[in-house]
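Work through the exercises below with the model open. Try each task before you read its solution.

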Amino acid sequence: MGGYTGLSHCKLALAFAVFMDVVGGAALLVGVFANLKIQDRDFGDVLVYSGALFLLVSLAGWVLWYSGNIEGLSLGDDKKQGHISYAVDRIARTLSRKIRSHRYHS
């Protein structure tokens, strides 16, 4: 594999996170500042709450994007086989390799 080129990993998660941020921010701002009364009922609260939920869901996209861009940690002298940090590091490396191999084979 070549060198790291910025946003090369997990573009779909990044696009999802940015899209949800834009939609959620727009819904939140429209719900707060627009006068949305239909037949004397105020529907601004619906947009405020749904905008906040979109922003919350976008956090999942940001976490996926960030975790997909982690290159992997090198094993230090203090991480020996059988230690919990060794197991976590091994799981992270395996997951990262599976994500990358799935991306290259698709």
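The expected span of a helix is 1.5 Å times one less than its number of residues. Helices (H or I, at least four residues) and strands (E, at least two) are DSSP runs, numbered from the N terminus. This is a predicted model: local features need pLDDT of at least 70, side-chain atom pairs count only at pLDDT 80 or more, and totals for chains, interfaces and linings use all residues. Residues are numbered from 1 along each chain as its sequence is written, and side-chain values use heavy atoms, with hydrogens and water left out.

**Exercise 1. Check the span of helix α1.**

Step 1. Helix α1 covers residues 11-33, which is 23 residues. Step 2. At 1.5 Å a residue, the span should be 33 Å. Step 3. The end C-alpha atoms lie 33 Å apart, so the two agree.

**Exercise 2. Which residues of α1 are buried, and what do they pack against?**

Step 1. Apply the cut-offs: buried is under 20% relative accessible area, exposed is over 50%, and partly exposed is in between (1.4 Å probe, protein chains only). Step 2. The buried set is Ala 13, Leu 14, Ala 17, Met 20, Gly 24, Ala 27 and Gly 31. Step 3. These residues pack against α2 (44-68).

**Exercise 3. Place Ser 58 and list its contacts.**

Step 1. Ser 58 sits in helix α2. Step 2. Ser 58 counts as buried because its relative accessibility is 1%. Step 3. Contact means heavy atoms within 4.5 Å. Leaving aside neighbours within four places in sequence, Ser 58 touches Ala 17, Met 20 and Asp 21. Step 4. The side chains of Ser 58 and Asp 21 share a polar contact of 2.6 Å. Such a contact is a pair of N or O atoms within 3.5 Å; within protein, one must be able to donate a hydrogen and the other to accept it, and residues adjacent in sequence count only if both atoms are side-chain atoms.

**Exercise 4. Is Phe 33 buried or exposed?**

Step 1. Phe 33 belongs to helix α1. Step 2. Its relative accessible area is 66%, so Phe 33 is exposed.

**Exercise 5. Examine phi in the loop between β1 (37-38) and β2 (41-42).**

Step 1. Most residues other than glycine have a negative phi. Step 2. Gln 39 has a positive phi, near 50 degrees. Step 3. Asp 40, also in this loop, has a positive phi of about 60 degrees. Step 4. Gln 39 is exposed at 75% relative accessible area. Asp 40 is exposed at 77%.

**Exercise 6. What pattern does the protein chain follow?**

Step 1. Count 3 helices and 2 strands. Step 2. Read along the sequence: α-β-β-α-α.
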